[in-house]
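Me: I should like to study a protein structure step by step. Please show it, and I shall then put some questions.

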Amino acid sequence: MVLPLHHPIRVAEEWSVVDNLSNGRAAISFASGWHANDFTIAPANYASRRQLMYRDIEIFRKLWRGETVMMPGGNGENVSVKIFPQPVQKEIPAWITSR
């Protein structure tokens, strides 16, 4: 999952569904992205893609553990966010990959 191109809330919630459907057998790998042309949907994220990836991994892990994360809402005010369904695994096996 290329986190600088995907929102960590969406990634956590979608993979939580996979974890539930597989009865706790899901695993995930994260990448920062490679080529500038891959960032046409989020060009502002290309220059700081590695930092954004590590930041978003932390957000992903907090959501996975059932923690509430504060994120800006549509009107700019912070909103408390949790994911549903809650994952089966307490921690998901995760790797950093280059592709």
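Me: In which helix does D19 lie?

Reply: This is a predicted model, in which local features need pLDDT of at least 70, side-chain atom pairs count only at pLDDT 80 or more, and totals for chains, interfaces and linings use all residues. Residues are numbered from 1 along each chain as its sequence is written, and side-chain values use heavy atoms, with hydrogens and water left out. Helices (H or I, at least four residues) and strands (E, at least two) are DSSP runs, numbered from the N terminus. Residues 8–21 form the helix that holds D19, namely helix 1.

Me: Which side chain of opposite charge is nearest to D19, and how far away is it?

Reply: Asp and Glu count as negative and Lys and Arg as positive, while His and the chain ends are not counted. A salt bridge requires a side-chain nitrogen of Lys or Arg within 4 Å of a carboxyl oxygen of Asp or Glu. D19 is buried (under 20% relative accessible area, 1.4 Å probe, protein chains only; exposed is over 50%, partly exposed in between). D19 has no salt bridge, and the nearest side chain of opposite charge is R25, at 8.1 Å.

Me: Why does N23 count as exposed?

Reply: N23 is found in the loop between helix 1 and strand 1 (28–30). Its phi is near 60°, a positive value in a residue other than glycine. N23 counts as exposed because its relative accessibility is 62%.

Me: Which residue is joined to F84 by a cis peptide bond?

Reply: The bond has an omega of about 0°. The partner is placed in the loop between strand 3 (78–81) and strand 4 (94–96). That residue is P85.
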